[in-house]
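Trainee: I'm new to this structure and would like a close look at a single part. Please take me through how its strands pair, one step at a time.

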Amino acid sequence: MVGITPGFQLRNTQFDRDRISYYGALQWRTDSLQATFKYIRVESKINSVEQTLEWFPDHNGGVQVGVQNLQLDKNWGSGGLPLCSGPGGRPVQPGDCETLYPVRGGLMESGLVTSNNDSWTGARGRDIGMLGVGKQEEATTEDFSLNVKWNATDRFYVTLDGQYTKADARQRQIWGGMNSYFNFYVKPDLDHPRVEFFIDPAHRFNPGNTRFTGDRDPITTNGVVTTPGVYIPSPTSSADFNGANFQFAADQFQNGKGDLYALRGDAAYDVSGGDGLAGWFDSIKFGARFAERSQVNSEMALNWGAIAPAWAGGYGIAGTFQDPSKGFEAVSYKDFFRGDGVVQGNNTDFVFVNHNILNDYSAFRKYIASEPQLTTLGNWVPRGIDDGTRFGRGVYRPEDTSDITERTKNAYIRVDFKHDFDGDMSIDGNVGVRYSRTELQSSGFQAFRPFNPDLPSCNPAGGAGQQNCQYTFDPTTGQRLRTDNAESRDDIRDFAPQAVAYAEQAAIPTTLNLVDERWLPSFNMKFNLNREMLFRFGYSKGLSRPNVQDLRASQEYVITTTTTRYPQITDRNDPLFGVDRGAQDISASEIRVSRGNPFLKPTTADNFDLSYEWYFKGGYLSVAGFYKKLQNIITNGDLSLGTTTLDGKTLNIVYNGPVNQAKATVKGVEIGYQQFFDFLPGPLKHLGFQGNYTFIDAKTTPPGNGADADGDGVPDDVTQVFRWGVSDLTGQSKHIANAVAIYQDKVVEARLAYNWRSSYLLTYRDYVTGNPIYADTAGFLDASLKFNIGNLQLRGSIANILDTKSKAYGIIDSGGQKYDRFSFLNDRRIVIGALFRI
């Protein structure tokens, strides 16, 4: 058995961003009192278009491909690779994708991928996807703040803060998916990949499998063609609209608004100058903070549906539409990855939905509505309203909206101390404790997703062209397609009425009131050995609250099903060969719950730090060690919500989403060094260097494989499996290093910075491959320059000078073997500005 990698994905994203900021400040001050008022308003609009050319094995379930001219690395092998990725976890049954197959015959390095999987429609080759996504984002934030500082006496100081922030944001996505058929040569590689596309000479869409009314099958009499057929012209290139089908569409809307009120008071009393033991105390600080954050968010899931697939009314071929150029465009991939030659050969342009309608909801909807071939869509039902604007207006169900109010109350007290010893030795630090109380009110809906409609049998006398029904006999050939009783055994409604009733329940409003209280101590101490060297030690307990949107009470309950089909008939002489006989049984298998989790707890951390620091003329050297213990880390995983019995079967209710699932320890060492070389002659004395290196050892609890409702230690559900027991902490590299070269005098300030980090975990489970994915080791070089000319400062910066790619790899087997996953090429970013001081 050999391993093949016949897939690819090439993606371009273009952004158009407008950002306007307003800032104003007023200040009033006396000898003992200072008041500062600030106002900030930020308006942001982002329009983006993402265009992806792709095909990978799980792009179509159950397809077969051939690979010709296969080149193999015969030295490659694996003790066991998973059967598939299993988007959603189940090609047929939960856990099917986790079957491991040993590979000893080598690994594909390149080959020509071919397929006749859709030859029943006249198509030859694989259906390559051309996905265009138009995204529009708008946000406005206003912030009002007032700060008052009052020196009540020469020893007592008070600071008061008040803040009000309000924000509105909305987002809309439009997806347009095209398919064209090609055979393709592929050579996977993250630095210099190669793919070349070929049109199969035999490719020609059958008239009976398109929506175009201008084509027809040949007419034969006694086996002789008396009237030739009329066909859509076969495509001559990958840019030919006659080879592209408008396959699917999707829309998605999100609206949110929120408010934040915050009040804070801090006071400090200077107690220094005492004698004896009292002389150790420097000051006492105490204070309190109250904040109330409320937000109402309406967010729908991506609303995907078919437009014109072969199985629902026939292909909608772009070149046969009334106004093809308005709806579609050919996009060039000739210079993909800046002309690296990724897409080779003559076929380098591909048909996408036109970007002008992808970012205009009204234009997108009107184009579909005006095209006669799209009078009946596959199964896409838009969730937005065409109100004549580019943005459109989302239609939200009750379960799409959540209303969350979070109140936090904090109070603290801290004692600062210091003491001088002989010989320039001294000690100073502080000890304190903070009380934190969080009150959460989360309102939403417990919603249920009904099953898709059970399509009835078509009217035998209705002829061809009937919609939303299933033919028992082919209306053209008279061939039997289904048995007479298949309709009574083809839907869950025919087997499990209680499960159907459960799924058709009305949404149930729900409101939760939850409280979380914490005591957070801290201790910090600095021991000065002399005027240049010191030790620091610190301990603190901190917390990080969950994302507010993750705390929404709205949830959706979805029943998954298992279908037991009749044994396949392989005898072509059997009258039921290829005939749909319905199912032996269709039953509910479990209830999956998604969306918010209002029971999330804050992630807490116990932090220990110890460092040595040496400050010498022109710079410093530091060595630090740290240890952190984290609890209740929020990850994506499964959580059992109990069971229910439907149709005599006990079903597990399993929530999937953000859960408190992991613990972690993070420990390491950091070394830092900085110096200006002012001992050098002339201009060289303005040179400087800054650098640091960090070693981190971070381990966490591997995510659990499914929920264990009955507590027997064996997962009841294997829909989502986290492979290979990875215990790394997401986002955490083992090695991080930074180096900065500096030149700075009164006129010029220049910096050249190199930032490097080793690989780190991105996700425990990738949707496409099902494997854990790591970002690869990478370093980025940036530079900045400032010129001061009187009151004028000219400034500029450039990021990613070396044009470094961001790469990733997957762990593909239990032995930790790696394989390339993706590579992103980020444009260099240049910023130029000026500052005038009055």
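Mentor: Happy to! Let's begin with strand β36 (residues 805-811), which is joined to β37 by seven bridges, the two strands running antiparallel. A strand here is a DSSP run of E with at least two residues, and helices are runs of H or I with at least four, numbered from the N terminus. Two strands count as paired if DSSP finds at least two bridges between them. To put a finger on one bridge of this pair, find S806, whose partner in β37 is F824.

A word on what you are viewing: this is a predicted model, in which local features need pLDDT of at least 70, side-chain atom pairs count only at pLDDT 80 or more, and totals for chains, interfaces and linings use all residues. Residues are numbered from 1 along each chain as its sequence is written, and side-chain values use heavy atoms, with hydrogens and water left out.

Now step back from that pair. β36 and β37 belong to an open sheet of four strands in the order β32-β33-β36-β37, with antiparallel pairing. At its edges lie β32 (760-763) and β37 (818-825), each of which pairs on one side only. On average, neighbouring strands of this sheet are turned by 35° against each other, direction ignored. For that angle, axes are lines fitted to C-alpha atoms (for helices, over the stretch in contact), and angles run from 0 to 180 degrees between N-to-C directions.

That sheet is antiparallel, but strands can pair in another way too. Strands of a sheet pair through backbone hydrogen bonds, either parallel or antiparallel. Both kinds turn up if you follow a chain of pairings from strand β21 (residues 426-448). This strand runs parallel to β24 (residues 555-565), with three bridges joining them, and Q446 stands opposite Q555 in β24. From β24, eleven bridges lead to strand β25 (residues 583-595), this time in the antiparallel sense. Look for Y557, which faces V593 in β25.

The next link is parallel again: β25 pairs with strand β28 (residues 649-676) over three bridges. Within that pairing, I591 has I653 of β28 as its bridge partner.

β28 is a good place to pause. Strand β27 (residues 619-646) runs antiparallel to β28, and 24 bridges join the two. One of the matched pairs sets D638 opposite N656 in β28. Trace the backbone from β27 into β28 and you pass through a hairpin with two residues between the strands, where D647 in the turn has a positive phi of about 55°. β28 also pairs with strand β29 (residues 687-700), in the antiparallel sense and over 13 bridges. There, Y673 stands opposite G691 in β29.

Finally, try zooming in on one residue at the end of a strand. T114 sits in strand β6 (residues 107-114). T114 counts as buried because its relative accessibility is 17%; buried means under 20% relative accessible area, exposed over 50%, and partly exposed in between, using a 1.4 Å probe and protein chains only. Leaving aside residues up to four places away in sequence, T114 touches V65, G66, Q68 and N183, where contact means heavy atoms within 4.5 Å.
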